[in-house]
Amino acid sequence: MRRHNRLGLAGFAAVAATVLAAGCSSSSSSSTPAAPTSAAGTSAPASAGTGGQGAQSVTNYVTYTGGKSGPADKSLPPVYIGFVNQQGGPTAVGLLATAGAQMAVNYANAELGGVGGHPIQLVTCFIASAEEEGTTCAQKFLANKKVNVINLGGVAVGVQSFYSTLHGAIPVIDGVAATPIDTTQKNAVILFGDATHILPPFGTYAKDVLHAKTAALVYPSDNAGIAIGAAAIKQGLQAAGVTVKSVGYSESTTDLTSVLTAAGAQTADMVIPYSDTAGCVNLAKSLKTLGITDPKKIVSAPLCLNGQVISGLGDWPHWTYAIASSLFGDPSDPGMPPYEAVAKKYSTPANAPDPWNIVNFGQMLTTIRIMNEVGYASLSPSAILAKAKAFTGPQALGAPSLACSKYSSAPAVCNDRIQLFEYAGGVTKGRPDWVKMSGWIQPPS
């Protein structure tokens, strides 16, 4: 079994982009649970509304990409899109990012007319484990004058050298930010957001949905990425007027009852167990020991929605989870059936629910859309970057609207919205039951 990178920040950003844990986990596609299809009859609270983007949901990919129904013309010269992912080494942040991107390309070439009728070809470069490999990838794309845009998968190693060598010469379209380095790049757009900006909405949810006055936050403080995310959650709660007590602990600690007690979890209106996959089982067991079992009160990132956790608990924790995209199998999301139909034809049952497969499929469709808007004859790095920065959504399988220039300190970040779902069981039977708890919410003002 492949060991995935246990980077807390990378893990949450990826997971928040969809639903299952990617990064910070020890699972691979072989351990992904059966594709979630919500149980019939499940309904969300009236305040939650329709899933996805409601009436704005992307349901027609031909219209979305600006393509033409039918196959690309193989007699025309191809359009090249660079693609970087971290894979092939001892760790993988988003192993199936490449599969999602290729799924979109195969689909576009077969049914969306490619880009302006031209077939699309991915030019891939993989980073296994070394920082200097980022330099190699950047040099590869700079040497290929036919590459006018690069898509980024789950990359946490080599990012600094990659952007430094690229020096802004080619635009980068990312689904989620695996490191804070991505967010500051002026030649990049991050369509699904990053941890620093999609975690503060926990405060909005606490105030507006739970009407919470107090919150208990526990997290492994010796995991640097998780600690950064925990700080973002705390900041959002405080901005919403919620009194929060946060307590860090060592990742080696297995009995977390004393940690939860120190945070005041028994009496808090909201409890946030924020950990990578390795800590989910211990947190769930300790919460149960303390009699804290209300799934609406316990709110977390979806890092625990993982096959490893099922092995330890027999199920996913019955908590409420925040995500920054459509949820696979959400029966209230009009944008899910089109994705599921394409995945059935161009992917595999194991890959379809994977967050990286979903995110990179969505971001590649947006890349194709942008290239169609520019037009084949006018394709250039500068033209593509301008169109990408101006894209305001809705993002296929993502947020209903984007604002790529909202944060001056993070000019690449385009999304700061999340939606929340309560897990009510059923994953071991292949039919996870999801109850939508909120529509898209943003950080407190």
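Visitor: In which element is the place of Ala-232?

Guide: In this predicted model, the place of Ala-232 is in helix 9, a helix that covers residues 224-239.

Visitor: Why is Ala-232 called buried?

Guide: A residue counts as buried when its relative accessible area is under 20%, and since Ala-232 has a relative accessible area of 9%, it is therefore buried. Leaving out residues up to four places away in sequence, Ala-232 touches Ala-195, Thr-196, Leu-199 and Pro-200. The C-alpha atoms of Ala-232 and Gly-203 are separated by 9.8 Å, although the two residues are 29 residues apart along the chain.

Visitor: What makes helix 8 oblique to helix 9?

Guide: Helix 8, which runs over residues 201-208, packs against helix 9 at an angle of about 40°, and their axes are 6 Å apart. Angles under 35 degrees would count as roughly parallel and those from 65 to 115 as roughly perpendicular, so an angle of about 40° falls in neither range and helix 8 is oblique to helix 9.

Visitor: Which residues make the contact between helix 8 and helix 9?

Guide: From helix 8 the contact is made by Phe-202, Gly-203 and Ala-206, and from helix 9 by Ile-233, Gly-236 and Leu-237. Where helix 8 passes helix 9, the crossing is right-handed.

Visitor: What makes Glu-111 and Lys-345 a salt bridge?

Guide: The rule asks for a side-chain nitrogen of Lys or Arg within 4 Å of a carboxyl oxygen of Asp or Glu, and the closest N and O atoms of Glu-111 and Lys-345 are 3.0 Å apart, so the pair forms a salt bridge. The pair links distant parts of the chain, with Glu-111 in helix 3 and Lys-345 in helix 13, 234 residues apart.

Visitor: Why is Glu-111 called partly exposed, and why does Lys-345 count as exposed?

Guide: Exposed requires over 50%, and partly exposed is the range between that and the 20% limit for buried residues. Glu-111 has a relative accessible area of 26%, so it is partly exposed, whereas Lys-345 has 58% relative accessibility and therefore counts as exposed.

Visitor: How do you know that Lys-296 and Glu-422 meet in a salt bridge?

Guide: The distance from N to O is 3.0 Å, which is within the 4 Å that the rule allows, so the pair qualifies as a salt bridge. This pair also links distant parts of the chain, with Lys-296 in the loop between helix 11 and strand 9, Glu-422 in strand 11, and their positions 126 residues apart in sequence. Lys-296 is partly exposed at a relative accessible area of 39%, while Glu-422 counts as buried at 9%.

Visitor: What do Lys-406 and Asp-416 tie together?

Guide: The side chains of Lys-406 and Asp-416 meet in a salt bridge of 2.7 Å, N to O. Both Lys-406 and Asp-416 lie in the loop between helix 15 and strand 11, so the pair ties together parts that are 10 residues apart in sequence. Lys-406 is partly exposed, with a relative accessible area of 45%, and Asp-416 counts as buried at 4% relative accessibility. By the rule used here, the count comes to 4 salt bridges.

Visitor: Why does Ala-284 count as buried?

Guide: Ala-284, which lies in helix 11, has 15% relative accessibility, and because this is under 20% it counts as buried. Setting aside its neighbours within four places in sequence, Ala-284 is in contact with Leu-313, Pro-317 and Trp-319.

Visitor: What is the phi of Leu-397, and why is Leu-397 called buried?

Guide: Phi of Leu-397 is near 65°, a positive value in a residue other than glycine, and most residues other than glycine have a negative phi. Leu-397 lies in the loop between helix 15 and strand 11, and its relative accessible area of 5% is under 20%, so Leu-397 is buried. Pro-394 lies in the loop between helix 15 and strand 11 as well, and the peptide bond from Gly-393 to Pro-394 is cis, with omega near 0°.

Visitor: What is the pLDDT over residues 1-47?

Guide: The mean pLDDT of the chain is 87, and 89% of its residues reach 70 or more. Over residues 1-47, however, the pLDDT is below 50. Where pLDDT is low, the predicted coordinates should not be read in detail.

Notes: Residues are numbered from 1 along each chain as its sequence is written. This is a predicted model: local features need pLDDT of at least 70, side-chain atom pairs count only at pLDDT 80 or more; totals for chains, interfaces and linings use all residues. Side-chain values use heavy atoms; hydrogens and water are left out. Helices (H or I, at least four residues) and strands (E, at least two) are DSSP runs, numbered from the N terminus. Buried means under 20% relative accessible area, exposed over 50%, partly exposed in between (1.4 Å probe, protein chains only). pLDDT is the predictor's confidence in each residue, from 0 to 100. Contact means heavy atoms within 4.5 Å. Axes are lines fitted to C-alpha atoms, for helices over the stretch in contact, and angles run from 0 to 180 degrees between N-to-C directions. Angles under 35 degrees count as roughly parallel, over 145 as roughly antiparallel, 65 to 115 as roughly perpendicular and the rest as oblique. A crossing is left-handed if the near helix is turned anticlockwise from the far one by less than a right angle, and right-handed if clockwise.
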